[in-house]
Amino acid sequence: MEPIDIGLWVTGGLLAMVLLGMRVAFAAAMAGLVGLVWIFWAKFGYAPDKFTKALTVSVKIAGQVPHSKVSSQALSLIPTFILIGYLAYYAGLTKALFEAAKRWIAWLPGGLAVSTVFATAGFAAVSGASVATSAVFARIAIPEMLKIGYNKQFAAGVVAAGGTLASLIPPSAILVIYAIIVEQDVGKLLLAGFIPGAFSAVIYALLIVGIAVVFKSVGPPVRGFTWKQRFAALPAALPIVFVVVIIICFVYNPFGGDAWGTPTEGGALGAFVVFVMALIKGMKWAQLKSALLDTAKLTVMIFTIIWGVLIYVRFLGFADLPGAFSDWITSIDASPMLILVCILLAYAVLGMFMDAIGMLLLTLPVVYPAVMALNGGEAVSAADSAFGMSGTMCAIWFGILVVKMAEFCLITPPIGLNCFVVAGVRDDLTVQDVFKGVTPFFLADGVTIALLVAFPGIVLFLPSLAG
């Protein structure tokens, strides 16, 4: 049997295990190890006395993956950015951000829900995890919305959908993972996420206002805040803005010239600044302990998925499945843009059965080379490309598109992780309630993705300025 055939059989087995409910990390690691053993044993002619040798070689290859990949400096961004978010929550900075947004925006139809969306976007700028964002605002925003008569399903849907913004707005753990897999500049990818992230938040806000105008009972406005009260709420929210500015300036150096530090150092500096602010605000040891434990739990979960999937990715290299898929994609007699849209639709379907990080880790080693081939290759110029952009810019643009698809998958049934998190935090909500509440946001995400595909400049404007 040829390596490509082994690759297809093992990949089919992996998908079957995932659909049967096995965790992506363990399913991918098992599939990768079995695939490696199969390939090496096939090279030895399936001789019975060579099976042990094939197993030994495969175990050595698989065993090298966790250290060689996870020791990457870029991955150290993930725990620091997650820590920033949890410290900000336990220090009370998140509640202050929501209060400021409420006083300034809640007068709109559906204004408290709009305030929640913009507050989650602000929190996303200091937290790299959608799950953490959803959990935090399920505790803060939903009680406020229910208090003034919001439909509980709609309130839950707003929080679950708003939490997805953390996947795109830097610092984003998923963007960092994408950059590592496709070997692109982490800084430029994080920079590229700002405008699409803000754009997504605006689309969500417009959808909420539209729903509240049509259905008066869904989201009543909140009035009565004076200008004095509005301005009084700003100082307590400024620390989060201050942290965002510090990270951006440190990594991108607004004065020109070389960056003052790496994204990892910027994340560490941001975590230190938030830690100092938390101490000033009187954070107790119990709160610090909770922040550290929550950070460790989420980091371990993400790293475990990375370990398992990278073993499978190593097997894919031996099976040459990425190269075969690229050749097949480029041989299709259809426009590159149509093929790209079909790939994104496939992500939407796949995301119904897999978590976002696992989905990207499993598919990108195969899909990314195919998309780059569609555009004309890694080194293609904008003039000679299919999508009208250089290879580097195409990698950034596609990265934002697939991460936006990953956001979409965080709220789609039956896996939609953010929906489970919101339901888990709130005893008065079921998962079915949250899924019903997020349904209108599917339309908003569809519009956002279509606009990002049609107008790549939305994504590429800031990275093009960075050079």
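1. Start with Lys102 and its neighbours. Leaving aside residues up to four places away in sequence, Lys102 touches Leu112, Ser115, Glu144 and Phe225. Keep in mind that this is a predicted model. Lys102 belongs to helix H5, which runs over residues 93-105. Is Lys102 buried or exposed? Its relative accessible area is 10%, and because the cut-off for buried is under 20%, Lys102 counts as buried. For a sense of distance, pick Gly32, which is 70 residues away from Lys102 along the chain: the two C-alpha atoms are separated by 49 Å.

2. Now look at what the charged end of Lys102 is doing. Side chains of opposite charge can pair when their charged atoms come close. Here, Lys102 and Glu99 meet through their side chains in a salt bridge, with 3.2 Å from N to O. Both partners sit in helix H5, 3 residues apart, or about one turn of the helix. An α-helix has 3.6 residues a turn, so residues three or four places apart point the same way. The partners are not equally covered, though: Lys102 is buried at 10% relative accessibility, while Glu99 is partly exposed at 23%.

3. Glu99 has another partner to check. It forms a salt bridge with Arg103, and the closest N and O atoms are 2.9 Å apart. How far apart are Glu99 and Arg103 in helix H5? They are 4 residues apart, so about one helical turn separates them.

4. Another pair worth a look is Asp428 with Arg426. Their side chains meet in a salt bridge at 3.1 Å, N to O. Asp428 is partly exposed, since its relative accessible area is 33%, whereas Arg426 comes out as buried at 17%. Back in the earlier group, salt bridges with shared partners link Glu99, Lys102, Arg103 and Glu144 into one network. How many salt bridges are counted in the model? The count comes to 7.

5. Next, a couple of backbone angles to click on. Most residues other than glycine have a negative phi, and most peptide bonds are trans. Tyr46 has a positive phi, near 55°, and is not a glycine. You'll find Tyr46 in the loop between helix H2 (24-43) and helix H3 (51-70), and with a relative accessible area of 34% it is partly exposed. Glu183 also has a positive phi in a residue other than glycine, this time near 60°. Glu183 is in the loop between helix H9 (173-182) and helix H10 (186-192). Is Glu183 buried or exposed? Its relative accessible area is 69%, so Glu183 is exposed.

6. Helix H7 deserves a slow look. It covers residues 130-147, 18 residues in total, and reaches 25 Å from its first C-alpha to its last, close to the 26 Å expected at 1.5 Å a residue. Where is the kink in H7 centred? On Ala138, with a bend of about 40°. Ala138 is also one of the buried residues of H7, along with others including Phe137, Ile140, Ile142 and Met145. What covers the buried residues of H7? The cover includes helix H4 (77-90), H5, helix H6 (111-124), helix H8 (152-163) and helix H19 (417-425). After H7 comes Gly149, with a positive phi near 100°.

7. Then compare helix H20, residues 431-454. It has 24 residues and spans 34 Å from first C-alpha to last, close to the 34 Å expected at 1.5 Å a residue. H20 has a kink of about 40° as well, at Thr439, shortly before the proline Pro440.

8. Last, check the surface. Which residues make the nonpolar surface patch of about 420 Å²? The patch is made by Leu19, Val349, Met352, Phe353 and Ile415. Take Ile415 as a place to zoom in: it is found in the loop between helix H18 (391-409) and H19. Ile415 is partly exposed, because its relative accessible area is 32%. H19 also turns up in the list of what covers the buried residues of H7.

How values were computed:
Residues are numbered from 1 along each chain as its sequence is written. This is a predicted model: local features need pLDDT of at least 70, side-chain atom pairs count only at pLDDT 80 or more; totals for chains, interfaces and linings use all residues. Side-chain values use heavy atoms; hydrogens and water are left out. Helices (H or I, at least four residues) and strands (E, at least two) are DSSP runs, numbered from the N terminus. Buried means under 20% relative accessible area, exposed over 50%, partly exposed in between (1.4 Å probe, protein chains only). Contact means heavy atoms within 4.5 Å. A salt bridge is a side-chain nitrogen of Lys or Arg within 4 Å of a carboxyl oxygen of Asp or Glu. The expected span of a helix is 1.5 Å times one less than its number of residues. The bend at a residue is the angle between axes fitted to the seven residues ending there and the seven starting there. Patches are made of residues with over 30% relative accessible area and no salt bridge: like charges are joined within 9 Å, nonpolar side chains (Val, Leu, Ile, Met, Phe, Trp, Tyr) within 5 Å. Accessible areas come from the Shrake-Rupley method with a 1.4 Å probe; for residues, only the protein chains shown count as cover.
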